[in-house]
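Please find below some notes on the model, set out as numbered points. They deal with charged pairs, one pocket and two individual residues.

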Amino acid sequence: MKRPFTIAAILALAASSTSQAQTVSFTAQYEVSASVDARRAKDHPDAARYAEKLIGMFGGAIPVGTMTDTVSLAPTSYRVNSTVKAASMIAALLPGDTAVRTSEGSAGGGYLTSRRFTEKRGNGEPRLVTLDYTSKVAAYYKGGKITKREAIKYRTADVAALPYLFYKQPLPKAETTIAATDGISTRLMSFVPGKDTAKVAGVMVPAVKLTRKRYAKDDPMVEIWLRESDGFPLRVRLDLNAKYGVIFDQRLSAIPALPK
């Protein structure tokens, strides 16, 4: 004989159905290019000379590769899997031509909060960061061995999730400070919002541009263009010219089909 549903079971089933209905999954593809200032790229002179030749061929920007992000965003959790495949001419300079990042954590509360971040670049040793907000400790690993522990002072993001922090969330209207880890350390970054546009597949899309404030001349400049309507990331620009002589530009190839 079948057991009748209790009220608690019905409510749990309804909550489960609602949660599943609200889960958003999509794949986004970005084209990544770079420009190089050979005078500043002192630590990598051979690569800089090679890049200068490529710049002459491609009119000022080197096609670095393609980034494919697979994202699953639920009401209380998220996962990002990001894979970068190097372009053939760049792969010739690298010991491995693929980089993979994963980010898992909590959703809601204003923006995504990382709990586990991994990165594997080519043939290099994998990196792992676990963030325990109960014990307030972030543990860093390289090649399976712990390298350090740090106290967690703030809700923390990571570089894989950073472009999606405000997707389906209220966009910043004033200067906003975010703690984020790159797998090596955690840094505070303050972003100032401003109205702008970004070109996607030949169409100009209204956007909110977040620009990182620089406090030292060697600080990387980070700019993120988010679609004004829902915060979807359209473009990310990482300016390392002051220190390394390289600027990376990540542009969305086409806006994926997304639920309203």
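1. Both D249 and R235 are buried. The structure is a predicted model, and this pair is a reasonable place to begin reading it. D249 and R235 form a salt bridge, with 2.8 Å between the closest N and O atoms. The pair links distant parts of the chain, since D249 belongs to strand β15 (residues 246-252) and R235 to strand β14, 14 residues apart.

2. How many salt bridges does the count come to? The count comes to twelve. As background, side chains of opposite charge can pair when their charged atoms come close. Beyond individual pairs, R79, E104 and R116 are linked in a network of salt bridges.

3. K195 and E228 meet through their side chains in a salt bridge, at 3.3 Å from N to O. K195 lies in strand β11 (residues 186-200), while E228 is in the loop between β13 (221-227) and β14 (233-239), so the pair ties together parts that are 33 residues apart in sequence. K195 counts as exposed because its relative accessibility is 72%, above the 50% limit. E228, at 33% relative accessibility, counts as partly exposed.

4. A further salt bridge joins E150 to K148, where the closest N and O atoms are 3.2 Å apart. Are these two residues buried, partly exposed or exposed? E150 has a relative accessibility of 25% and counts as partly exposed. K148, at 31%, also counts as partly exposed.

5. E150 appears again in the lining of the second largest pocket. This pocket has a volume of about 150 Å³. Its lining is made up of L131, A138, E150, A151, I152, K153, Y154, T156, A179, T186, R187 and L188. The elements that give two or more residues to this lining are β8 (145-151) and β11. The largest share, three residues, comes from β11. By type, the lining residues of the second largest pocket divide into seven nonpolar, two polar and three charged.

6. S82 deserves a separate entry. S82 is placed in strand β3 (residues 77-86). Its relative accessibility is 6%, which is under the 20% limit, so S82 counts as buried. What does the side chain of S82 make a polar contact with? The partner is the side chain of D69, at 2.6 Å. Leaving aside residues up to four places away in sequence, S82 touches M67, T68, D69, A99, V100 and R101. D69 is thus named both as a polar partner of S82 and among the residues that S82 touches.

7. The last residue to check is P233. P233 sits in strand β14, the strand that also holds R235. At 1% relative accessibility, P233 counts as buried. Which residues does P233 touch, not counting residues up to four places away in sequence? They are Y30, P163, Y164, W225, L226 and L252. For a distance check on the backbone, the C-alpha atoms of P233 and I255 are separated by 9.4 Å. P233 and I255 are 22 residues apart along the chain.

Technical notes. Residues numbered from 1 in each chain as written. Predicted model: local features only at pLDDT ≥ 70, side-chain atom pairs only at ≥ 80, totals over all residues. Heavy atoms only, no water. Helix = DSSP H or I, 4+ residues; strand = E, 2+ residues; numbered from the N terminus. Buried < 20%, exposed > 50% of the residue type's maximum accessible area, 1.4 Å probe, protein only. Polar contact = N/O pair within 3.5 Å; in protein donor to acceptor, adjacent residues only side chain to side chain. Contact = heavy atoms within 4.5 Å. Salt bridge = Lys/Arg side-chain N within 4 Å of Asp/Glu carboxyl O. 1 Å grid on protein atoms, 1.4 Å probe; cavity = no way out; pocket = protein on both sides within 12 Å on 5 of 7 lines; lining within 4 Å. Points joined across faces, edges and corners; volume = space filled by probe spheres on them. Nonpolar A, V, L, I, M, F, W, Y, C, P; charged D, E, K, R; others polar.
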